[in-house]
Amino acid sequence: MIPLSIDDVQRLAPGDLRRTGADRVTGVQIDSRRIEPGDLFVAVGGGADYVDEALAAGAALATEVRSRSSARVVAITGSTAKTSTKDILGALCAPHAPTVVAEGSQNNELGLPLTLCRLEPETEVAIVEMGMRGVGQIAELCDIAKPDVGVITTVGPVHLELLGTIERVAQAKAELVESLPAGGTAVVPAGERQLEPYLSREDIEIVRFGEGGEVSLSYFAARDGRSRLKVEAFGRPLTIEFSFSGRHNATNALAALAAYNALGLPLGKAQRGARHVKLSRWRGEEAPLPGDGVLINDCYNANPLSMAAALEHLVERAGDRRKVAVLGDMAELGPGASSYHREVGAAASRAGVDVLLAVGPLAKSYLDGARGVPVTRWAPTVEQGLTALRRLLQPGDCVLVKGSRAMGLEAIGEAVAVVPAH
């Protein structure tokens, strides 16, 4: 972290500052287990009497650190794939510039300041993630991060309980475009009509990725956890090998390559970092199952877009194996939740899933759409879902486990995975 004096901290951060003798702060933590010498511990949550003040302290300190840094900041938001795109971009940038990347899904009013407070004097690139639960929240995060490059990965049906319509989702995501400085770059999906009303600024560069965009995919093949992509990037053909196998991550790689180019980093040398992409936990993690089976643990979150992508990956990854989908509730979809769940069930049927196990109250609607799936089951709870899966599981199966974070569906995957011998 770019050091701040104790007097700076006292001036910037409201609340009770307890000194321990140090004269400057060289790190910020909200988890006391991670404290190292020179760190400032900001009390947040049930243990603090003044949570709002603690949040304000984090934002103020991060704003000050950002103002003292010459790093270029890339902010990534979207209905899906924020974290995976962030992971890919971080790997691409690391060989070419000192880079700070948000950990896991640190994308809110706590996580984003923590990322910015990791900036060092020599940092050249900072990659932050921005989530939202309503209109205005991304704009607030941009006030802190002051991004130079903004990436919107997707616009889709998420947080509809709060926002109501996909159009409002697009409005909230587009706050990132509106917050960019003159001369900045917005990276957006090609053909996303919901975003078009917000892409009229003439003082920034608009770069589109995907079919018809400046960065597009012409070939994809995956094998043994790796993939080979042929890409047309700004009129130039590239062939790049990545350390992931999901086709949906190929699209995320296009967004990352567009942002990488916007930072002025060499497209011809993107391969140096591409082989070292490490996706965050529960994003398509694989583990062995009995009889050469494969578990795809993709439990971090779920919405209709990410479910469709995960089902496609299940079928491609399975090959000749039996395809088993364990799907939990998709949360925060509002009054249309049942319809969205039925659509995902239909997608499972079209994809050729052999077994569909629905877990959770909302998940029961998957079965209404999954008329063509040979075997379907429903379990109201994760515990009952695990019992059902153990009855259904056969040696050699390829199993996808995916649901919204609140479901805690990773417990099912962890319970059935084969523990490697030591």
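Reader: I'd like to begin with Gly-210. Where does Gly-210 lie?

Author: Gly-210 sits in the loop between β10 (205-209) and β11 (215-223). Helices (H or I, at least four residues) and strands (E, at least two) are DSSP runs, numbered from the N terminus. One thing to know early: this is a predicted model, where local features need pLDDT of at least 70, side-chain atom pairs count only at pLDDT 80 or more, and totals for chains, interfaces and linings use all residues. Residues are numbered from 1 along each chain as its sequence is written, and side-chain values use heavy atoms, with hydrogens and water left out.

Reader: Is Gly-210 buried or exposed?

Author: Start with the cut-offs: buried means under 20% relative accessible area, exposed over 50%, and partly exposed in between (1.4 Å probe, protein chains only). Gly-210 has 14% relative accessibility, so it counts as buried.

Reader: Which residues does Gly-210 touch?

Author: Contact means heavy atoms within 4.5 Å. Not counting residues up to four places away in sequence, Gly-210 touches Ala-190, Val-215, Ser-216 and Leu-254. For a sense of distance, Gly-210 and Ser-67 are 34 Å apart in space, C-alpha to C-alpha, and 143 residues apart in sequence.

Reader: Let's try a helix. Which residues of helix α14 are buried?

Author: Helix α14 covers residues 382-392, and its buried residues are Val-382, Gly-385, Leu-386, Ala-388, Leu-389 and Leu-392. They are on the same side of α14, because they cover an arc of only 165° around the axis. That arc is the one made by the directions from the helix axis to the C-beta atoms.

Reader: And what do the buried residues of α14 pack against?

Author: They pack against β16 (323-328), β17 (355-359), β18 (375-379) and α15 (410-416). On the other side of α14, Glu-383, Arg-390 and Arg-391 are exposed. Take Glu-383: its relative accessible area is 59%, so it is exposed. Glu-383 and Gly-334 are 49 residues apart in sequence and 26 Å apart in space, C-alpha to C-alpha.

Reader: Which residues are buried in helix α5?

Author: In α5 (residues 137-145), the buried ones are Ile-138, Leu-141, Cys-142, Ile-144 and Ala-145. Their arc around the axis is only 155°, which puts them on the same side of α5. Just after α5, Lys-146 takes a positive phi of about 50°.

Reader: What should I make of the sign of phi?

Author: Here's the general idea: most residues other than glycine have a negative phi. His-159 has a positive phi, near 55°, and is not a glycine. His-159 is in the loop between β8 (149-152) and α6 (160-163). Glu-332 isn't a glycine either, yet its phi is positive, about 60°. You'll find Glu-332 in the loop between β16 and α12 (337-351), and with a relative accessible area of 34% it is partly exposed.

Reader: Back to helices, then. Where is Lys-86 found, and what is it in contact with?

Author: Lys-86 is found in helix α3 (residues 82-93). Its relative accessible area is 1%, so Lys-86 is buried. Leaving aside neighbours within four places in sequence, Lys-86 is in contact with Ile-76, Val-101, Ala-102, Glu-103, Gly-104, Ile-127, Glu-129 and Ser-280.

Reader: How about Met-307: buried or exposed?

Author: Met-307 counts as buried, at 0% relative accessibility. Its place is in helix α11 (residues 304-318). Setting aside neighbours within four places in sequence, its contacts include Leu-327, Met-330, Val-344 and Tyr-366. Met-307 and Ala-347 are 40 residues apart in sequence, and 8.9 Å apart in space, C-alpha to C-alpha.

Reader: Now zoom out for me. How many helices and strands does the protein have?

Author: The protein has 15 helices and 19 strands. Its radius of gyration is 22 Å, close to the 22 Å that the globule rule gives for 422 residues, so it is as compact as a globular protein of that length. The radius is taken over C-alpha atoms, and the rule is 2.2 Å times the number of residues to the power 0.38.

Reader: What share of the residues counts as buried?

Author: Of the 422 residues, 54% count as buried. Among contacts between residues at least 6 apart in sequence, 63% join residues at least 24 apart.
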